[in-house]
Amino acid sequence: MKAKFRGKDSFFLINVEPYADNRGEVGRKMFQYFARLFEKHQLPVYPIALFSYSEPLRLEPDVYRVEFPDRTVLEFKYQVVQLNRLYWRDFLERSNPVVSALMSKMRIRPEERPKVKAECLRLLATLKLNPAKMQLISGFVDTYLRLNQEEQRVFEEKITEFQPEQKEGVMEIVTSWMEQGIERGQKREALSLISRLLSRRVGVISPELESQIQELSLTELETLAEDLLDFNSVEDLQQWLVRER
């Protein structure tokens, strides 16, 4: 990101490098990215290493050194954001979509998981984001805070404690998850059926055609399921895909 410094016409770059594990020489990599960006853009670079793993909890280093017996040639420092050392409650009042997503990867006690998921969605619902951003961030939360049956019950109880407007916003997100889940299930079934029917009608199809079929919407798949009964060759399928898409 190229950003203005406190409204002044002096720019700098923010380089965020995400790490899902702590393997590898992070410090060396952070310095290499810094050097390449600085050489290319000739602008100051603010480097941030974002760690999202759950274990280990030990503090990650924030400096990379190149040293000799007689001197230190390089001491490169970078900012570390280590989510498993941040406590989610400290970010409850931050009106920030990134916070609403990353809270799900912060330090959470097992019994707090349903509450954290509810609070993530409560915060997200107050931000009034466009549908695409809302779906992206809420999907992140749902992916990293999968709840079992008992946790789901507690989660639903927590939602009922919210203020009416917040409760409505969270329920819209949850309803969207349910609808997407139902559609994904229906689409899987439709793809499986169409795959069997196509193999009988036209034989083996190429991976490229399979990929195009998987990109079809549920409505388009339903149409294909009807039309493929008239196919006699792979060319008929290709022509159908060109015509319908």
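In this predicted model, the axes of helix H3 (residues 113–125) and helix H4 come within 10 Å of each other and cross at roughly 170°. Because angles over 145 degrees count as roughly antiparallel, H3 and H4 are described as roughly antiparallel to each other. The contact brings Lys117, Cys120, Leu121 and Leu124 of H3 together with Met134, Ile137, Ser138, Val141 and Asp142 of H4. Sorted by residue class, this contact of H3 with H4 holds six nonpolar residues, one polar residue and two charged residues.

Met134 of H4, which takes part in that contact, also appears in the description of the largest pocket, where Ala125, Met134, Gly169, Glu172 and Ile173 lie nearest the centre among the 16 lining residues. Two or more residues of this lining are given by each of helix H4 (131–144) and helix H6 (164–201), and the largest share, eight residues, comes from H6. The volume of the largest pocket is about 350 Å³, and its lining is made up of five nonpolar, seven polar and four charged residues.

Another part of the model is an open sheet of four strands, which follow the order E1-E2-E3-E6 with mixed pairing. In general, the strands of a sheet pair through backbone hydrogen bonds, in either a parallel or an antiparallel way. Strand E1 (2–5) and strand E6 (79–82) stand at the edges and have a single partner strand each, so one side of each is left without a neighbour in the sheet. From one strand to the next, the twist averages 30°.

Strand E3 (residues 45–51) pairs with E6 in the parallel sense over four bridges, and the bridge partner that Phe51 has in E6 is Gln82. Helix H1 (residues 26–41) packs on the sheet, where it touches strand E2 (8–19) and E3, and the direction of H1 makes about 150° with that of E2.

Two places in the loops have backbone angles that can be set side by side.

| Place | Backbone angle | Loop |
|---|---|---|
| Gln42 | phi of about 55° | between H1 and E3 |
| Glu55 and Pro56 | omega of about 0° | Pro56: between E3 and strand E4 (63–68) |

The phi of Gln42 is positive although this residue is not a glycine, and Gln42 belongs to the loop that runs between H1 and E3. The bond that joins Glu55 and Pro56 is a cis peptide bond, and Pro56 is located in the loop between E3 and E4.

Definitions and conventions: Residues are numbered from 1 along each chain as its sequence is written. This is a predicted model: local features need pLDDT of at least 70, side-chain atom pairs count only at pLDDT 80 or more; totals for chains, interfaces and linings use all residues. Side-chain values use heavy atoms; hydrogens and water are left out. On a 1 Å grid over the protein atoms alone, a cavity is a set of points where a 1.4 Å probe fits but cannot get out, and a pocket is an open set with protein on both sides within 12 Å along at least five of seven lines; lining residues have an atom within 4 Å of a point. Grid points are joined across faces, edges and corners, and a volume is the space filled by probe spheres set on the points. Ala, Val, Leu, Ile, Met, Phe, Trp, Tyr, Cys and Pro count as nonpolar, Asp, Glu, Lys and Arg as charged, and the others, Gly among them, as polar. Two strands pair if DSSP finds at least two bridges between them. Axes are lines fitted to C-alpha atoms, for helices over the stretch in contact, and angles run from 0 to 180 degrees between N-to-C directions. Contact means heavy atoms within 4.5 Å. Angles under 35 degrees count as roughly parallel, over 145 as roughly antiparallel, 65 to 115 as roughly perpendicular and the rest as oblique.
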